[in-house]
Amino acid sequence: MAIPKKGSRKIVVNDIVYRWRVRWKPSYAQECEGSNFTTAVELFEEPKSVLHITFPWVRYDAYFGVAEKSVTPKLIEQCIKNALQEGWQPNKNGVFELVHKTA
């Protein structure tokens, strides 16, 4: 399933263009149960594989909990590089799960 173009942001990592997006509205679990913050990344042109990133903090608009950090382009770049090192192949079909570990 491709990421909607509307609301997505472009990022270039190692000369490859990707699109990343945070849901504009939190899921029920994120909003009411304080589930972890998530985002998705895919190739900008001809997307196939989706990188699903989970961050160990709550969304800024969740009812429960206080957002500890923001998701920035620099953080997304770091996560893409980590996923590639862990075996993500963005030009092959499928979903790759990455849990971001805070330093």
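The questions below concern two residues of strand β2 in a predicted model.

Local features here need pLDDT of at least 70 and side-chain atom pairs count only at pLDDT 80 or more, while totals for chains, interfaces and linings use all residues. Residues are numbered from 1 along each chain as its sequence is written, and side-chain values use heavy atoms, with hydrogens and water left out.

Visitor: Which residue of β3 is the bridge partner of arginine 21?
Guide: Arginine 21 is in strand β2, residues 16-21; strands are DSSP runs of E, at least two residues, numbered from the N terminus. Four bridges join β2 to β3 (residues 37-43), and the two run antiparallel; strands pair if DSSP finds at least two bridges between them. In β3, the partner of arginine 21 is alanine 40.

Visitor: How far from arginine 21 is the nearest side chain of opposite charge?
Guide: Arginine 21 is buried (under 20% relative accessible area, 1.4 Å probe, protein chains only). Arginine 21 has no salt bridge, that is, no side-chain nitrogen of Lys or Arg within 4 Å of a carboxyl oxygen of Asp or Glu. Lys and Arg count as positive and Asp and Glu as negative, with His and the chain ends not counted. The nearest side chain of opposite charge, glutamate 42, is away by 9.2 Å.

Visitor: Why does valine 17 count as buried, partly exposed or exposed?
Guide: Valine 17 is also placed in β2. Exposed means over 50% relative accessible area, and partly exposed lies between that and the buried limit of under 20%. Because its relative accessibility is 30%, valine 17 counts as partly exposed.
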